[in-house]
Amino acid sequence: MRMSYLLVVLAIFFLFSSTTTEGYDHAPSREISVSVFDFGAIPDDSINDRTAINRALNHPRENEVTGGDTRKEVHPKPNVLLICVDDLRPELSCYGSRLIQTPNIDRLASEARVFRRHYVQAAICGPSRSSMLTGRRINSWDCWNEARQLNSEPGQPVSFAQLFHRAGYRTICIGKVSHLPGGVVDEEQTSHEVPFSWDEAYTPVGQWETPWRSFFAYSDFTYNGVASIKTDVPRLPYEAADVDDNGYPDGLIATAAISQLQKLAASDQPFLLATGFYKPHLPFNAPKKYWDFIDPEELPGVENYQKPKNINSAICIHDSYELTRHYHWPGGPGNISDKEAQTLRHAYLACVRYVDAQIGKVLDELRRLKLEDRTIVVLWSDHGYHLGEHGMFCKDTNYEIATRSPLIIRLPDMVKRGESTDGIVESIDLYPTLTELCELVPPEDLAGKSFVELLKDPKAQGKEFAYSFHGRDKRRCNTIRTDRWRLIEWKETDGTIIHTELYDHAVDPEEQINVAGYTENREVVVRLQEILSSVHYSNSLELE
Ligand SMILES: [Ca+2]
């Protein structure tokens, strides 16, 4: 592994653990120690998560039925096509978007269950993807580091992909499914980020040469995405090159997924094919033809641009650092003019339209190969996104706009196709849901709960709450979302609560007024804080 690449990986893990407002500064300017790979990225609060993971990796309980022990079963298992989309908020016409048409995802939605209240466990890439893949409330980027050091496969699976693999599935990872592009930690694409899980994990790099560079691809390849951000000549965070779909990596990823489907279709072995598209993650680069679908003059302004009332902005609001500090940004950190905001929204939507087209190609091939009647299709995004809401761009908040993301699932024998559900579900629930659908036995200590009932009946009961976390300025921010309320709690590292937010979605769906300080809400705050505290220190608490 080249030293520069190693430094980038080290820096990513360290920066999340330090959780400063400069959290995306890829220049490793501060102390980096081996401990950044430890599970103790956030010391006080991760103890139970860490314990549970260690137990899962190394100490399966006596007589415990470990996941994947189903190889003697003879009836055919359904395949799973998992489509991950990076930074995609529910800005899709099937979710009611007024800004864009997404015909391919809409077609899937018309045949599937659309989860309108799906919440991620962290509104940032790595932890969100870790939670989804492990079924646990992970608060560290690299929850698999210890597993990678093992010489032999651990007793319990480190991801549901490993469980599927042990159950006889062929497991393939293309693009960004876990945190690192291609699911690999080295440029040679040989060391898997999520160990013991994939038969193959890779990403097509094309002219960009390495997975990390392909992730930050510009069409002309002069932008060094590895060191990007501060050490190279910075570029604008968007591009509309007049190229075809394969002029950017997501076109190549779609092509690779189609090629894999063709191979998999020729085999009797069931498969889990996870395909992770890069867009609409920054930089907002997409072929010009997708920009042309949207007239920027007709884009409405941001309806919810103002910061919530009654909050401490110094704590709650970030300066859109991923955008304004890492790319060429004339206005300086945090300064985004109305015109720039409109351009960014146009660019983001162009990327959504681009990725929608790539997803359509994969779904078309699934149909052409006659695999639909034995393949579960899951479309999932790792978090939502601010496009100016609350005065911010990008993710990494605990507001509704960042913690809610698309989740669409189609089953081969689905009833009530095309009906959406308002039941609350979390990303950690996908693991036990897929194992139930595929009749596999998951570990007993997953935090997630199967939502198969919602797939059968969209009016079935969802969860009582969803939980998310993030860290900033060495503070920890936790939230729970119930049917009516969102509570956000900010803590110092010693556990001291320094700020509380409460939003009443019955009357304030845009989260514009923090009502935590209102006398009539005192009991609500206390009750929600108790729940939040319990989740905080537990790996698997559920109230059902
Ligand atoms: Ca992401």
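Why does Gln269 count as partly exposed? Select Gln269 in your viewer, and keep in mind that this is a predicted model. Gln269 counts as partly exposed because it has 13 C-beta neighbours inside 10 Å, and a residue is called buried when 20 or more other C-beta atoms lie within that distance.

**Around Gln269**

With Gln269 still selected, follow the chain in both directions, and you will find that this residue sits in the loop between helix 9 (249–265) and strand 7 (271–277). If you set aside the neighbours within four places in sequence, Gln269 is in contact with Gly168 and Arg170. Add Pro76 to the selection as well: Pro76 and Gln269 are 193 residues apart in sequence, but their C-alpha atoms are 8.6 Å apart in space.

**The whole chain**

Now zoom out to the full protein chain, which contains 17 helices and 18 strands. Of its 544 residues, 54% count as buried. Among the contacts with a separation of 6 or more, 71% are between residues that are 24 or more positions apart.

**Strand 1 and its partners**

Select strand 1, residues 79–85, where seven of the seven residues are buried, so that the strand is described as mostly covered. Turn the view to look at one side and you will meet Asn79, Leu81, Ile83 and Val85, while the other side carries Val80, Leu82 and Cys84, and both faces are covered.

Next, add strand 9 (residues 375–381), which runs parallel to strand 1 and is joined to it by seven bridges. Asn79, for example, has Thr375 in strand 9 as its bridge partner. Then add strand 7, which also runs parallel to strand 1, here with six bridges. To see one of the pairings with strand 7, pick Cys84, which stands opposite Gly276.

**Two residues with positive phi**

Most residues other than glycine have a negative phi, and most peptide bonds are trans. Go on to Asp87, in the loop between strand 1 and helix 3, where phi is positive at about 65 degrees although the residue is not a glycine. Asp87 is buried, because 26 other C-beta atoms lie within 10 Å.

Then move to Gln189, in the loop between strand 4 (170–175) and strand 5 (200–202), which is also a residue other than glycine and has a positive phi, near 60 degrees. Gln189 counts as partly exposed, since it has 18 C-beta neighbours inside 10 Å.

**Two cis peptide bonds**

Select the loop between strand 7 and strand 8 (284–285), where Pro280 has its place. The peptide bond that joins Lys279 and Pro280 is cis, with omega about 10 degrees. Pro283 is also in the loop between strand 7 and strand 8, and a cis peptide bond, with omega about -10 degrees, joins Leu282 to Pro283.

**Helix 13 and two packing partners**

Select helix 13 (residues 338–368) together with helix 3 (residues 103–110), and look along the place where they pack, with their axes 7 Å apart and at an angle of about 50 degrees. Helix 3 and helix 13 are therefore oblique to each other. On the side of helix 3, the residues to pick are Pro103, Asn104, Ile105 and Leu108, which meet Asp356, Ala357, Ile359, Gly360 and Leu363 in helix 13. By class, six residues of this contact are nonpolar, two are polar and one is charged.

Keep helix 13 and replace helix 3 with helix 9, whose axis comes within 9 Å of that of helix 13 and crosses it at roughly 10 degrees. Angles under 35 degrees count as roughly parallel, and helix 9 and helix 13 are therefore described in that way. Among the residues that meet here are Ile253, Ala257 and Leu261 from helix 9, together with Val355, Val362 and Leu366 from helix 13. The contact of helix 9 with helix 13 has nine nonpolar, two polar and three charged residues.

**Last stop: helix 4**

Finally, select residues 125–134, which form helix 4, and note that 10 of the 10 residues are buried, so this helix is largely enclosed by the rest of the structure. The buried residues include Cys125, Arg129, Met132 and Leu133. Step past the end of the helix to Gly135, which follows helix 4 and has a positive phi, near 70 degrees.

Definitions and conventions
Residues numbered from 1 in each chain as written. Predicted model: local features only at pLDDT ≥ 70, side-chain atom pairs only at ≥ 80, totals over all residues. Helix = DSSP H or I, 4+ residues; strand = E, 2+ residues; numbered from the N terminus. Buried ≥ 20, exposed ≤ 12 C-beta atoms within 10 Å, placed from the backbone. Contact = placed C-beta atoms within 7 Å. Axes fitted to C-alpha atoms, helices over the stretch in contact; angles between N-to-C directions. Parallel < 35°, antiparallel > 145°, perpendicular 65-115°, else oblique. Nonpolar A, V, L, I, M, F, W, Y, C, P; charged D, E, K, R; others polar. Pairing = 2+ DSSP bridges.
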